[in-house]
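Visitor: I am new to this model and would be grateful for a close look at a single part of it. Please set that part in its wider context afterwards.

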Amino acid sequence: MCGIIGYVGKKPSSEVLLEGLKRLEYRGYDSAGICVDSPEGFKIIKSTGKLKNLLAIVPPRPFGHNGIGHTRWATHGGVTESNAHPHTDCSGKIAIVHNGIIENYEKLRELLKDKGHSLKSDTDTEVIAHLIEQCYKGDLTKAVLETVSLLKGTYGLVVMHQDHPDMMVGARNGSPLIMGVGDGEMFLASDASAIISYTKQVIYLQDGEIVTVTPESFQTMDLDENIINKDIDIIEWQAESFEKAGYDHYMLKEIYEQSESIVRGMKGRLDRTHATGHLGGLNMTTEELLKVERVVIIAAGTSYHAGLVAAYLLESMAGIPAHAEIASELRYRNPIIEKNTLYFAISQSGETMDTLYAMRELQRKGARVLGICNVVGSTIARESDGGVYIHSGPEIAVASTKAFTSQMTAMYIFTLIMARLRNMSFEDGLEFIDEMEAVPEKLKTIFKSAPKIEAIAKKYCHTESFLFLGRGINYPVAMEGALKLKEISYIHAEGFSAAEIKHGPIALINEKTPSLFLVTDDRLHDKIISNMKEVKSRGGKIIAVAAEGDKDVYGIADDVIEVPKTVEYIYPFLMSIPLQLLAYYSALELGRDVDQPKNLAKSVTVE
Ligand code: F6R
């Protein structure tokens, strides 16, 4: 979604802004722009399309010391230069960038027009600039305070005024905004990636807070003008982890990183002495954990698929009734909160609005919601009643890969804790730890099949439709494989339970529609083989991702990708890797923008 960067300091601001916008590209956008101070007034430069279009029209010599920049993901109004941010008021003295949606903007627009303002864009954002103009009587902070009290909706907002050089005002409600504290310079940004190469000291603004920033100082207050003292946090991520590190794409880098990110997610959390796990952030005593009678997981997209895997594991291993639900659905169906039900909100970004608002609704009804997040200091991480950071490191590619396996890792450790408190023996607990710790090496074996997976991708990627079929704990992995393929290659793909296809989807089978089966060597093996035969006998092409040495698949499948043998519940980690690589190589072969697929955004902060 949209990205924001603001800067006051001594560096040439055009350079800082463009660097920041480059770092924000991963969020997904369709136009970009900057506003930089200059002795002649504000210089506003905007362009539709990719950042390179903007770079082509920005003067090569860096300029300015104060400025704001924005990458826009269109919501209100088409992808045009006039709709791109920054937006200004009538006088051109006030410039703003905004993330979020102003719900009452049409009413405000009419009001402003009646007062003689002339609006140049179709956006909801522009009304904010004109409202500030209307409220401004020499004090920019006061004008912003007055303005936000008129807004209904969400905003992460940064404002600058020509009469206040070296000053920015930021405000937040529902859209993330952080402040970076430098040495004689300050930043405002929608996320840490934009500023990490300049400072690691950040302040996370909360909803309903407003900050006034100069190169040397900042003051935070609430909407009633009460001063709020904020702590400075240190970002743990390294600036280098935002680089491609020699890979062609972030997605490929992140796929390969999984052998390390899973280790990071387990570090210090597995306890061989007691054959259990430790997740300090849960904020729950053993007594409280023992009282849990049900687990409900809410999430969206890939995180939802990780939740489905986790729910399956919790039921089968810890004997706790569990299910995962799409957050946006739960939120609007008036969920019943049962006593002793523990909720999890899984979100890589920690900012997904569907998940955040579902979590707030649950909390409002008295539920305890734990967060499973990657981004430290993100809204879900801060507002949840406890939780776990998955430590997968920054995930830049829009398509989620390493966060998926790290989310599963965290939930697997939670399952181990719960199982060991209930029905799991010490020996079984140790075996679970052994199996978890063996995963990273097994992934490295799978990476060796990348050339084979690339060849398979090339063979099948010109198809119009693809089916992904799995059973048991791998059924959600099939759904995830289909999501990965469709989002980056734009090939239509669906994930089904392999048993379910005979109830409808089998009608789609023909020689042009490949089916990818996840074939595990466990109690469901023979059932999956039968499902493969059903497809084969209808002329369907079959790719099997199978446990190594499985002879049964070779007679049926057209192509086989082997993964190391493991126990039933570990297969989701292994099976997801070939699916991620298949999606990657298919998108590459089709010439797609792998890291920033069309229409998609990394952090979905709208409903
Ligand atoms: C798919 C993908 C999305 C996200 C979803 C939730 O590759 O990235 O489906 O998983 O938008 O995002 P988070 O996990 O940030 O809440």
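Visitor: How many residues apart in helix α15 (residues 450-460) are E454 and K458, and what fraction of the helix's winding, in turns, separates them?

Guide: E454 and K458 are 4 residues apart in helix α15 (residues 450-460), and this separates them by about one helical turn. Before going further, please note that this is a predicted model, in which local features need pLDDT of at least 70 and side-chain atom pairs count only at pLDDT 80 or more, while totals for chains, interfaces and linings use all residues. Residues are numbered from 1 along each chain as its sequence is written, and side-chain values use heavy atoms, with hydrogens and water left out. The helices (H or I, at least four residues) and strands (E, at least two) are DSSP runs, numbered from the N terminus.

The side chains of E454 and K458 meet in a salt bridge, with 3.7 Å from N to O. The term denotes a side-chain nitrogen of Lys or Arg within 4 Å of a carboxyl oxygen of Asp or Glu. With a relative accessibility of 26%, E454 is partly exposed, and K458 is also partly exposed, at 42%. Here buried means under 20% relative accessible area, exposed over 50%, and partly exposed in between (1.4 Å probe, protein chains only).

Another pair with this spacing is found in helix α16 (residues 475-489), where K484 and E480 lie 4 residues apart, about one turn of the helix. Their closest N and O atoms are 2.7 Å apart in a salt bridge. K484 is buried, at 1% relative accessibility, and E480 is buried as well, at 3%. Elsewhere, R172, D207, R360 and E383 are joined into one network by salt bridges that share partners.

By this rule there are 29 salt bridges. One of them joins the side chains of R272 and E437, at 2.9 Å from N to O. R272 lies in the loop between β16 (270-271) and β17 (276-277) and E437 in helix α14 (residues 426-447), so the pair ties together parts that are 165 residues apart in sequence. R272 is partly exposed, with a relative accessible area of 38%, and E437 is partly exposed with 40%.

The wider setting is the division into domains. Domain 1 covers 2-241, domain 2 covers 244-445 and domain 3 covers 448-591; these bounds come from an automatic or database domain assignment. Taken over C-alpha atoms, the centres of domain 1 and domain 2 are separated by 34 Å. Their contact, meaning heavy atoms within 4.5 Å, takes 12 residues from domain 1 and 16 residues from domain 2. The two domains bury about 1200 Å² between them, 54% of it on carbon and sulfur atoms. Buried area is the accessible area (1.4 Å probe) that two parts lose on being put together, summed over both. Y26, Y204 and W237 supply 46% of the area that domain 1 buries against domain 2, more than any other three residues. Between these domains the count is 1 salt bridge.

Polar contacts offer a further view. Such a contact is a pair of N or O atoms within 3.5 Å; within protein, one must be able to donate a hydrogen and the other to accept it, and residues adjacent in sequence count only if both atoms are side-chain atoms. Across the interface of domain 1 and domain 2, 5 residue pairs are in polar contact (both at pLDDT 80 or more).

N374, in the loop between β21 (368-373) and α12 (379-383), is buried with a relative accessible area of 2%. Beyond four places in sequence, N374 touches residues including W237, Q348 and G393. The side chain of N374 makes a polar contact of 3.0 Å with the side chain of Q348, and a polar atom of the side chain of N374 lies 2.9 Å from the backbone oxygen of G393.

S465, in strand β23 (residues 465-470), is buried, at 15% relative accessible area. The side chains of S465 and H492 are joined by a polar contact of 3.0 Å.
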